[in-house]
Amino acid sequence: MSGLVGVLQDLAPAVEFGWTGRAFVFVLLVVVPFLSLFQPVEREMVLPPRMALYISAVIGMVVLVAATGVVLLAEGIAPSEIGLHSTGVAAFVVWTSLPPLVHFSATF
């Protein structure tokens, strides 16, 4: 068991959050999952168009990223301290173009 604890400690960012960061983490870990309980009970409800669902999902992710950035700025924490690191341009191009190329080559 101590091996697992060591691995988890290595993966965990070594950052001490202030009250802003703690409140944000609380919202992400407690409030957001609790809100998912308020889904409609009716299983035969009419869903919005698929594209609208995709767009709303992207907007939700952008809002969470922006909120994370605001919390990091308010706390004075660099993104690298929580595990976010930049990559080189070549690696970025490869990892963003390789999956679509593989997908398109598999479909034709």
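## A walk around Val25

Let's start with one residue: Val25 sits in helix H2. Helices here are DSSP runs of H or I with at least four residues, strands are runs of E with at least two, and both are numbered from the N terminus. Keep in mind that this is a predicted model, where local features need pLDDT of at least 70, side-chain atom pairs count only at pLDDT 80 or more, and totals for chains, interfaces and linings use all residues. Residues are numbered from 1 along each chain as its sequence is written, and side-chain values use heavy atoms, with hydrogens and water left out.

Now step back. The protein has four helices and zero strands, so its elements read α-α-α-α from the N terminus on. Of its 108 residues, 6% count as buried. Buried means under 20% relative accessible area, exposed means over 50%, and partly exposed is in between (1.4 Å probe, protein chains only). The accessible surface comes to about 9,400 Å², and 74% of that belongs to carbon and sulfur atoms. Such areas come from the Shrake-Rupley method with a 1.4 Å probe; for residues, only the protein chains shown count as cover.

Back to Val25: with a relative accessible area of 32%, Val25 is partly exposed. Val25 also helps make a nonpolar surface patch of about 650 Å², together with Phe26, Val27, Leu28, Leu29, Val30, Val32 and Leu64. A patch takes residues with over 30% relative accessible area and no salt bridge; like charges are joined within 9 Å, and nonpolar side chains (Val, Leu, Ile, Met, Phe, Trp, Tyr) within 5 Å. A salt bridge is a side-chain nitrogen of Lys or Arg within 4 Å of a carboxyl oxygen of Asp or Glu. Helix H2, residues 19-35, gives the most to this patch, with seven residues.

Val25 turns up again in the largest pocket: 11 residues line this pocket, and Phe17, Val25, Thr68, Leu72 and Ile82 lie nearest its centre. On a 1 Å grid over the protein atoms alone, a pocket is an open set of points with protein on both sides within 12 Å along at least five of seven lines, and lining residues have an atom within 4 Å of a point. H2 gives the most to the lining, with four residues. By class, the lining has nine nonpolar, two polar and no charged residues.

Last stop, helix H3, where you'll find Glu75. Glu75 is partly exposed, at 21% relative accessible area. The C-alpha atoms of Glu75 and Thr20 are separated by 7.0 Å, though the two are 55 residues apart along the chain.

Notes. On a 1 Å grid over the protein atoms alone, a cavity is a set of points where a 1.4 Å probe fits but cannot get out, and a pocket is an open set with protein on both sides within 12 Å along at least five of seven lines; lining residues have an atom within 4 Å of a point. Ala, Val, Leu, Ile, Met, Phe, Trp, Tyr, Cys and Pro count as nonpolar, Asp, Glu, Lys and Arg as charged, and the others, Gly among them, as polar.
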